[in-house]
Amino acid sequence: MTRPELLAYKLHEDVVAFSTTRRGGFSTGAYGEFNINRYCGDDAEAIRKNRALLCRQLGISDDRLIMPHQVHLAQSLRIDEAFLVLSEEDRQTRLEGIDAVMTQLTDVCIGVSTADCIPLLVYDPRQHAVAAIHAGWRGTVQRIAQQTIAAMAAAYGSQAADLRVQIGPGISLDSFEVGDEVYDAFAREGFPMEKISKRYPTNDGESQFFTLHSALFTSKWHIDLPECNRWQLMAVGVPEANISVADICTVKQSDTFFSARRLGIQSGRIFSGIICKQDNI
């Protein structure tokens, strides 16, 4: 029987946390095989069948699999009992423009979609609350990780020192070449550029000629998005020992994980999800 292949995380015994791979579903082409994102152009029936596979594997009903429509900002949404009783149309309205979701409900899978951006899964074992965060470079510059932690503190009384965080598959420093305007955006927001950026020689033929024949070669900035987010977490008090990094580059491993840089925007997405499986009493 077809079954999604998941990258499982050992975040905490009271939660299930994972990222999907490309394997084990019904999508085809640049969406193959497993994609449940309905905003990237995939076939609706393939998405429905893939969602059914994942829900069966997780032991939940389809209405308890929650995924927002992300827009690279920093808005979060709290998923509560009132949300669960909304119509599908009202749910989609509430989920529009959301890049982080959180909940204290059990047996509800919240998650975010990525294809080079950085997914973060957060668990508060004291308050038994979880969050899923989509951190592209724009969201990272806006400090979405820190903003979501602040939202968890307001909603549930979460404290940064208690949190456990998994940083999932995403683009690596080596692969994330950016223009000067992106570098400048991080620098303006006070990121430690000496830790999160590096200049690499460009790989075009002309720059290779100059590299070999003179000292006048071109280079471009690269940004370490996983490290940017890890730094943000530690800056607000999440212990370094409580942060795990998957250390998987989606560009380099695009045969297993979706990469928009490799496959194009019209391609599938990784879904990184987290579920509270039991009350912490």
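The following points set out the sheets, selected residues and cysteines of this structure, which is a predicted model.

1. The six-stranded sheet. An open sheet of 6 strands runs in the order S4-S5-S8-S7-S9-S13, and its pairing is mixed. The edges are formed by S4 and strand S13 (243–245), each of which pairs on one side only. On average, neighbouring strands of this sheet are turned by 15 degrees against each other, direction ignored.

2. Strand S5 and its two neighbours. Both senses of pairing meet at S5. Strand S4 (residues 76–79) pairs with S5 in the parallel sense over 4 bridges, whereas S5 and strand S8 (residues 129–135) pair in the antiparallel sense, also over 4 bridges. Strands of a sheet pair through backbone hydrogen bonds, either parallel or antiparallel.

3. Register around S5. On the S4 side, arginine 78 has methionine 102 of S5 as its bridge partner, and isoleucine 79 stands opposite threonine 103 in S5. On the S8 side, threonine 103 stands opposite valine 130. Threonine 103 thus links to isoleucine 79 and to valine 130.

4. Side chains of S5. In strand S5 (residues 100–103), Ala100 and Met102 point one way, and Val101 and Thr103 point the other way. In a regular strand the side chains alternate between the two faces of the sheet. Are these four residues of S5 buried or exposed? All are buried.

5. The helix across the sheet. Helix H5 (residues 144–156) lies across S4, S5, strand S7 (118–124) and S8. The helix runs at about 155 degrees to S8.

6. Glutamine 166. This residue is in strand S9 (residues 164–167), a member of the six-stranded sheet. Glutamine 166 counts as buried because its relative accessibility is 7%, under the 20% limit. A polar atom of its side chain lies 3.4 Å from the backbone oxygen of serine 244. Leaving aside residues up to four places away in sequence, glutamine 166 touches Tyr9, Leu11, Pro119, Leu120, Leu121, Ser244, Val245 and Ala246.

7. The five-stranded sheet. A further open sheet has 5 strands in the order S1-S2-S14-S6-S3, with mixed pairing. Its edge strands are strand S1 (6–9) and strand S3 (65–66), each pairing on one side only. Within this sheet, strand S2 (residues 15–20) and strand S14 (residues 270–276) pair in the antiparallel sense over 5 bridges. Phenylalanine 18 stands opposite glycine 273 in S14.

8. Glutamate 181. Helix H6 (residues 180–188) contains glutamate 181. Glutamate 181 counts as exposed because its relative accessibility is 54%, over the 50% limit. The C-alpha atoms of glutamate 181 and alanine 100 are separated by 25 Å, the two residues being 81 residues apart along the chain.

9. Cysteines. How many disulfides does the structure hold? The number is 0. Cysteine 117 is in no disulfide, and the nearest cysteine sulfur, that of cysteine 228, is 12 Å away. Since a disulfide requires sulfur atoms within 2.5 Å, this separation rules one out for cysteine 117. Cysteine 117 is buried, with a relative accessible area of 17%. Cysteine 276 is likewise in no disulfide; the nearest cysteine sulfur belongs to cysteine 109 and is 11 Å away. Cysteine 276 is buried, at a relative accessible area of 0%.

Conventions
Residues numbered from 1 in each chain as written. Predicted model: local features only at pLDDT ≥ 70, side-chain atom pairs only at ≥ 80, totals over all residues. Heavy atoms only, no water. Buried < 20%, exposed > 50% of the residue type's maximum accessible area, 1.4 Å probe, protein only. Pairing = 2+ DSSP bridges. Polar contact = N/O pair within 3.5 Å; in protein donor to acceptor, adjacent residues only side chain to side chain. Contact = heavy atoms within 4.5 Å. Axes fitted to C-alpha atoms, helices over the stretch in contact; angles between N-to-C directions.
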